[in-house]
Amino acid sequence: MYPMTPTEQLAQIESEALAAVASASSLERLGEVEVAYLGRKGQLTGLLRLISQLSGDDKPAFGQAVNTAKDSLTARLTERRAGLAKGERAARLAADAIDVTLPGQRLPLGRQHVLTRQMDAVKAVLIGLGYQFVETPDVEHYHYNFETLNYPPDHPAFDEQMSFYVEDTHLLRTQTTAFQAHVMEHQKPPIRVATIGKCYRFDAVDATHSHTFHQVDILAVDEGLSLADLKGTFAHLARALFGPSVEIRFRPDFFPFVEPGVEVAIKWGNRWLELGGAGMVHPNILQNMGIDPERYTGFAWGLGIDRMPMIVHKIDDLRLFTENDLRFLRQF
């Protein structure tokens, strides 16, 4: 059997190449065919090396024939690539199609944190009583956090309320009661305001203590206000939050910013649980704010928000509120 001539080799390779293009079942396979025949080391490209074996008259004709075969194969590759691309695109669309008649998948929804829900509940009650909520800074000036609240420089509260100082004159507020002077500087009686937010004290963290906690403070200043008004307001809040039959208790206590001062508590189960401190606004504070203490009286309280859901839901560890454990948070 005689070896094939360059022209016969060209015919055979061209035929195989066209057959390979026709049978390629994917764009990836078609790419492999293109490289095999038209690549730098491809079979059709390699035929050009045979030109040197031909006589002078046959060289131009063979070179032209190889180029014609390459052009023909390139055209068939382009045509086949378009067809395969269309088919693969249709297959992807079919695979990704959504049956709109099928029931949808519910996305997991977030929910309010138990402390946020408690704060909203407190706000709803006090707004219903006519109180306007205001916000004051978490980073507070010493003047508002202590001096305007009738604290003498050597008061033992400075030891009890160990503070986070940002600089010599500014600290993280130890109580939301610091909002009182902010309000009375710009508003004169009648006053019905409240605030709710975080407080910070240098305290060891355990099941019942934290360096960060939440308080709600109210301030009411008007003519004729008495301790009875304070007690009625607190009773309304307590019954709205803990049920109409909850018992409340006022016990004498001392706070520099009220006179007289009381500790307020509710009876839950068989225990009395303290919620915070309250009392009549100290006359010194009113006078320092330019309000006549002979004409006006006021009452105020600072209640711990964190204790409220602990009472209702029987939560025994304050740290659970801030540990972001979904097993805990999903219960509410």
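In this predicted model, Ala 194 has Ile 218 as its bridge partner in β6. The pairing to which this bridge belongs links β5 to β6 through 10 bridges, and the two strands run antiparallel. Ala 194 also takes part in a pairing with β1, since it is the bridge partner in β5 of Phe 133. Here the sense is parallel, and β1 and β5 are held in register over 2 bridges. Strand β5 itself is mostly covered, with 8 of its 10 residues buried.

## The sheet

These strands belong to an open sheet of 7 strands, whose order is β1-β5-β6-β10-β9-β8-β7 and whose pairing is mixed. Its edge strands are β1 (132-133) and β7 (247-253), each of which pairs on one side only. In general, strands of a sheet pair through backbone hydrogen bonds, in either the parallel or the antiparallel sense. Further along the order, β9 (residues 271-281) is joined to β10 by 5 bridges, and this pair runs antiparallel. One of the residues involved is Gly 279, whose bridge partner in β10 is Ala 300.

## Helix α8 and its packing

Helix α8 is mostly covered, as 6 of its 8 residues are buried. The buried residues are Phe 179, Gln 180, Ala 181, His 182, Val 183 and Met 184. They pack against two strands of the sheet already described, β5 and β6, and also against β10 (297-304). The remaining elements against which they pack are β2 (139-141), α6 (142-145) and α10 (283-288).

## Backbone features

Two cis peptide bonds are considered here. One runs from Pro 189 to Pro 190, with omega near 5°, and Pro 190 is found in the loop between α8 (179-186) and β5. The other joins Glu 259 and Pro 260, with omega about 0°; Pro 260 lies within strand β8 (residues 258-268).

Positive phi values occur at Lys 314 and at Asn 324, neither being a glycine. The table sets out their values.

| Residue | Phi | Relative accessibility |
|---|---|---|
| Lys 314 | about 55° | 73% |
| Asn 324 | near 60° | 59% |

Lys 314 lies in the loop between α11 (307-312) and α12 (326-329), and the place of Asn 324 is likewise in the loop between α11 and α12. Lys 314 counts as exposed because its relative accessibility of 73% is over 50%. Asn 324 also counts as exposed, at 59%.

## Asp 317

The loop between α11 and α12 also holds Asp 317. This residue is buried, because its relative accessible area of 17% falls under 20%. Its side chain makes a polar contact of 2.9 Å with the side chain of Arg 319. Apart from neighbours within four places in sequence, Asp 317 is in contact with Asp 206, Ala 207 and Met 310. Asp 317 and Arg 111 are separated by 206 residues in sequence, and their C-alpha atoms lie 21 Å apart in space.

## The second largest pocket

The second largest pocket holds about 220 Å³ of space. Its lining comprises 14 residues, and those nearest its centre are Ser 210, Thr 212, His 214, Phe 321 and Thr 322. By class, the lining is made up of 5 nonpolar, 6 polar and 3 charged residues. Strand β6 (residues 212-222) supplies the largest share of the lining, namely 3 residues.

Ser 210 is placed in the loop between β5 (191-200) and β6. Although Ser 210 is among the residues nearest the pocket centre, it is classed as buried, because its relative accessible area of 18% is under the 20% cut-off. The side chain of Ser 210 reaches the backbone oxygen of Thr 212 at 3.1 Å, and Thr 212 is another of the residues nearest the pocket centre. Beyond neighbours within four places in sequence, Ser 210 is in contact with Arg 201, Asp 203, Ala 204, Val 205 and Leu 318.

Conventions: Residues are numbered from 1 along each chain as its sequence is written. This is a predicted model: local features need pLDDT of at least 70, side-chain atom pairs count only at pLDDT 80 or more; totals for chains, interfaces and linings use all residues. Side-chain values use heavy atoms; hydrogens and water are left out. On a 1 Å grid over the protein atoms alone, a cavity is a set of points where a 1.4 Å probe fits but cannot get out, and a pocket is an open set with protein on both sides within 12 Å along at least five of seven lines; lining residues have an atom within 4 Å of a point. Grid points are joined across faces, edges and corners, and a volume is the space filled by probe spheres set on the points. Helices (H or I, at least four residues) and strands (E, at least two) are DSSP runs, numbered from the N terminus. Ala, Val, Leu, Ile, Met, Phe, Trp, Tyr, Cys and Pro count as nonpolar, Asp, Glu, Lys and Arg as charged, and the others, Gly among them, as polar. Buried means under 20% relative accessible area, exposed over 50%, partly exposed in between (1.4 Å probe, protein chains only). A polar contact is a pair of N or O atoms within 3.5 Å; within protein, one must be able to donate a hydrogen and the other to accept it, and residues adjacent in sequence count only if both atoms are side-chain atoms. Contact means heavy atoms within 4.5 Å. Two strands pair if DSSP finds at least two bridges between them.
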